[in-house]
Amino acid sequence: MLAADGEAPATDLGPEARQTTAAVRELGELVRGSLELSADDAEPRLAGLWDLIERRLDVAEAPAAAPVAAPAARPSLGARIWSWLAGHRSHVATGLLSAGAVAGLSMALGPAPTEKVVVKTVTVPAVQPTVMTGSPPEVESMELIGGSGTVFTIGDDDGDGDTAVIWVEPDEVDPTEGI
Amino acid sequence: MSKRAGLATAAAAGAPDAGRAPAAGAAVPSDDRALVALAQKGDRAAFRTLFERYHRRAYALAFGVVRNQDDALDVVQDAFIKAHRHLDKFEGQASFYTWLYRIVMNLAIDHLRKHKRQQPVDFTDQAVENAVSEDALLPKIIGGNPGRALMDREIRERISEALDSLSENHRAVLVMRELDGLSYEEMAVVMQCSKGTIMSRLFHARKNMQRQLADLYQGPPPDADGAAPDPEDSPAD
């Protein structure tokens, strides 16, 4: 075996040793040939292997070529709102103008402002209705100079006397000159 | 078949797949050292030339160990990525292929261990070493024309099955020896074991292969020097 592998000089070999050497060499050829044919079988896939390798090399080299920048701080809420407004400037302006127009029309065409009304709740004490128990009043008319009068005579409930009320109405004066 | 000579020629030519060579017109050095020097400076085309030069050999090596096309392609891909990543540490004391070879072999063995596909070693290395001197390889050949034998699909499948049946360590040593002709010393370095262990593993790998292929063997060749007999006598025909 040493001789077949080149690890010892192939001299002075007996017939059987030479045959063994030949068998070893043949086996080696078979193994080598078998592996070469396996490589032939894989040739279509071997042909695309460089592309895969190059892709991986690109990925591996990418961080070194372009160091990754530190991630930007997250903007505040106000900044994000301002950013949103800036991005929708035309929409916001249209909305504000529309709202202003509606408010102006409402003020111009709407009802005038009313007076201020104060509502007060007043408590009125209850009044007992008067019941006439005596004789009914007497009403008399009388003629006076420049007018007329009415006399009401009402008798007291306790019978002590009568109460007279005289109502005088002056005659109407004609404003016409000479009448 | 003289695939080794074919491989050497292809490696010397620098582009086994001429159609996939890097940019036409680009002056690409043929020397590995010059290519490595350029690749170390970031020349992607130079590294691609090295890939084109050795990827097929790397695949055959990986496939010989892992015995699966997908896994072997993964190993080759990872090996070239790793080689590119550590190219600046390559000082050129060994050839680029020897350096790549170790990367491929280590990745292939790691792959086997991770996926637990290796078969148990048949016997301890010490027992194997003892057996080397007690037993002998069969002095028989299939027909003296391996190239013709491999044209027979059945024989090729039998050889593949025989390789599959070997333990991880035996197969790795056999592949290293037969595919790239590594010396015992070089294999010992790659496998991180003694030279005697390499010898015993190689012996029993061959012995097991012969046992698996026993029914294909015929008697000793008519020419004791191993000259090819009449092809008509080959069982492949």
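Begin by selecting chain A of this predicted model: of its 179 residues, 14% count as buried. Where contacts in chain A link residues at least 6 apart in sequence, 10% of them join residues at least 24 apart. Colour the chain by secondary structure, and five helices and three strands appear. Followed along the sequence, their pattern is α-α-α-α-α-β-β-β.

**The sheet of chain A**

Next, select residues 138-144, 147-155 and 162-170 of chain A, which are β1, β2 and β3. Together the strands make an open sheet of three, ordered β1-β2-β3, with antiparallel pairing. β1(A) and β3(A) are at the edges with a single partner strand each, so one side of each has no neighbour in the sheet. From one strand to the next, the twist averages 20°.

Keep β1(A) and β2(A) in view: they run antiparallel and are joined by seven bridges. One pair to display is Glu138(A) with its bridge partner in β2(A), Thr153(A). At the turn, the two strands form a hairpin with two residues between them. Pick Gly146(A) in that turn, where phi is positive at about 85°.

Then move to the other pairing, in which β2(A) and β3(A) are antiparallel over nine bridges. Select Gly147(A), and Pro170(A) of β3(A) is found opposite. Phe152(A), in turn, stands opposite Val165(A) in β3(A). When side chains are switched on, a general rule is useful: in a regular strand they alternate between the two faces of the sheet.

**The nonpolar core and chain B**

Now turn to the largest nonpolar core, which has 68 residues. Tyr59(B), Leu61(B), Ala62(B), Val76(B) and Val104(B) are the residues with the most contacts inside this core. Select residues 44-66 of chain B to show helix α3, the source of the largest share of the core, 13 residues. In soluble globular proteins, nonpolar side chains tend to be buried together.

Centre the view on Val104(B). Beyond its neighbours within four places in sequence, Val104(B) is in contact with Ala58(B), Leu61(B), Ala62(B), Val75(B), Val76(B) and Ala79(B).

**Two packed helices**

Display α4 (residues 69-85) and α5 (residues 96-115) of chain B, whose axes lie 9 Å apart and meet at an angle of about 135°. At that angle α4(B) is oblique to α5(B). The crossing of α4(B) past α5(B) is right-handed. To see the interface, show side chains on both helices. On the α4(B) side, the residues include Asp71(B), Val75(B), Val76(B), Asp78(B) and Lys82(B). Those they meet in α5(B) include Leu100(B), Ile103(B), Val104(B), Leu107(B) and His111(B).

**Two loop residues with positive phi**

Go back along chain B to Arg67(B), in the loop between α3 and α4. Its phi is positive, about 60°, although Arg67(B) is not a glycine. Is Arg67(B) buried or exposed? Arg67(B) is buried, because 20 other C-beta atoms lie within 10 Å.

Finish at Gln192(B), in the loop that lies between α10 (184-191) and α11 (195-212) of chain B. Gln192(B) likewise is not a glycine and has a positive phi, of about 55°. The surroundings here hold 8 other C-beta atoms within 10 Å, so Gln192(B) is exposed.

Definitions and conventions:
Residues are numbered from 1 along each chain as its sequence is written. Chains are lettered from A and ligands numbered from 1 in the order in which they are written. This is a predicted model: local features need pLDDT of at least 70, side-chain atom pairs count only at pLDDT 80 or more; totals for chains, interfaces and linings use all residues. Two strands pair if DSSP finds at least two bridges between them. Helices (H or I, at least four residues) and strands (E, at least two) are DSSP runs, numbered from the N terminus. Axes are lines fitted to C-alpha atoms, for helices over the stretch in contact, and angles run from 0 to 180 degrees between N-to-C directions. A nonpolar core is a set of buried Ala, Val, Leu, Ile, Met, Phe, Trp, Tyr and Cys residues joined through C-beta atoms within 7 Å. A residue is buried if 20 or more other C-beta atoms lie within 10 Å of its own, exposed if 12 or fewer, and partly exposed in between; C-beta atoms are placed from the backbone. Two residues are in contact if their C-beta atoms, placed from the backbone, lie within 7 Å. Angles under 35 degrees count as roughly parallel, over 145 as roughly antiparallel, 65 to 115 as roughly perpendicular and the rest as oblique. A crossing is left-handed if the near helix is turned anticlockwise from the far one by less than a right angle, and right-handed if clockwise.
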